[in-house]
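The exercises below concern one protein chain. Work through each task before reading its solution.

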Amino acid sequence: MTDPIADMLTRIRNALTVKKETVEIPASNMKREIARILLEEGYVKDVKETGEGYKANLVLTLKYTEDGKSVISGLRRVSKPGLRTYSGAESMPKVLGGFGIAVISTNKGIMTNKQAKAANVGGEVLCYVY
């Protein structure tokens with residue numbers, strides 16, 4: 001697999017399409033941090049880890065509204081292995097005019113675009129969530 005983050009986003013997108021309750025994703029440190037951000041921002045209900053070592057999986061419990069619509073309306077991979085996309089602290093992207101988040105990989109860890117702007121750090125724009 002050449003792009004594990006894109007695989008994670010695709011698994012979530014596919015699970016939302018068929019209205020699944022949970023989605024299982026092979027774990028890595030980067031994916032754990034992205035899942036933590038999704039949990040903190042209220043896009044998923046819960047994140048659990050099953051297994052250990054190289055067999056570890058993240059189990060994300062997806063969040064829906066009362067009428068059955070997904071809280072996540074879009075997931076988009078921005079920086080790809082073939083074309084990396086970086087942003088400075090001054091030019092952080094705004095997703096849907098501030099209604100969505102951009103997940104940024106900085107030298108201080110993985111954070112949202114708002115946190116990166118507040119910490120005055122730039123980095124690689126991993127994905128947009130809205």
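**Exercise 1. Find which strand pairs with β1, and in which direction the two run.**

Strand β1 covers residues 22-26 and is joined to β3 by five bridges, the two strands running antiparallel. Strands here are DSSP runs of E with at least two residues, helices are runs of H or I with at least four, and both are numbered from the N terminus. Two strands count as paired if DSSP finds at least two bridges between them. One bridge at this pairing links P26 to N57 in β3.

The model is predicted, so local features need pLDDT of at least 70 and side-chain atom pairs pLDDT 80 or more, while totals for chains, interfaces and linings use all residues. Residues are numbered from 1 along each chain as its sequence is written, and side-chain values use heavy atoms, without hydrogens and water.

**Exercise 2. Describe how β2 is joined to β3.**

Step 1: β2 spans residues 44-50 and β3 spans residues 57-62; six bridges join them, and they run antiparallel.
Step 2: pick out individual partners. K48 is bridged to V59, and T50 to N57. N57 is also the bridge partner of P26.
Step 3: look at the turn. Six residues lie between the strands of this hairpin, and G51 takes a positive phi near 75°.

**Exercise 3. Decide whether the faces of β3 are covered or open.**

Six of the six residues of β3 are buried, where buried means under 20% relative accessible area, exposed over 50%, and partly exposed in between (1.4 Å probe, protein chains only). On one side these are N57, V59 and T61, and on the other L58, L60 and L62, so both faces are covered.

**Exercise 4. Place A15 and list its contacts.**

Step 1: A15 belongs to helix α1, residues 4-17.
Step 2: its relative accessibility is 4%, so A15 counts as buried.
Step 3: beyond neighbours within four places in sequence, A15 contacts K20, V23, L62 and Y64, a contact being heavy atoms within 4.5 Å.
Step 4: A15 and L62 are 47 residues apart along the chain, and their C-alpha atoms are separated by 8.5 Å. L62 is among the buried residues of β3.

**Exercise 5. Is D3 buried or exposed, and what does D3 touch?**

D3 sits in the segment before α1. With a relative accessible area of 14%, D3 is buried. Leaving out residues up to four places away in sequence, D3 touches R77 and P81.

**Exercise 6. Summarise the whole chain, starting from its helices and strands.**

Step 1: the protein has three helices and eight strands, in the order α-β-α-β-β-β-β-β-β-α-β from the N terminus.
Step 2: its radius of gyration is 14 Å, close to the 14 Å of the globule rule for 130 residues, so the protein is as compact as a globular protein of that length. The radius is taken over C-alpha atoms, and the rule is 2.2 Å times the number of residues to the power 0.38.
Step 3: along the principal axes, the C-alpha atoms fill a box of roughly 40 × 40 × 25 Å.
Step 4: buried residues make up 41% of the 130 residues.
Step 5: of the contacts with a separation of 6 or more, 59% involve residues 24 or more positions apart.
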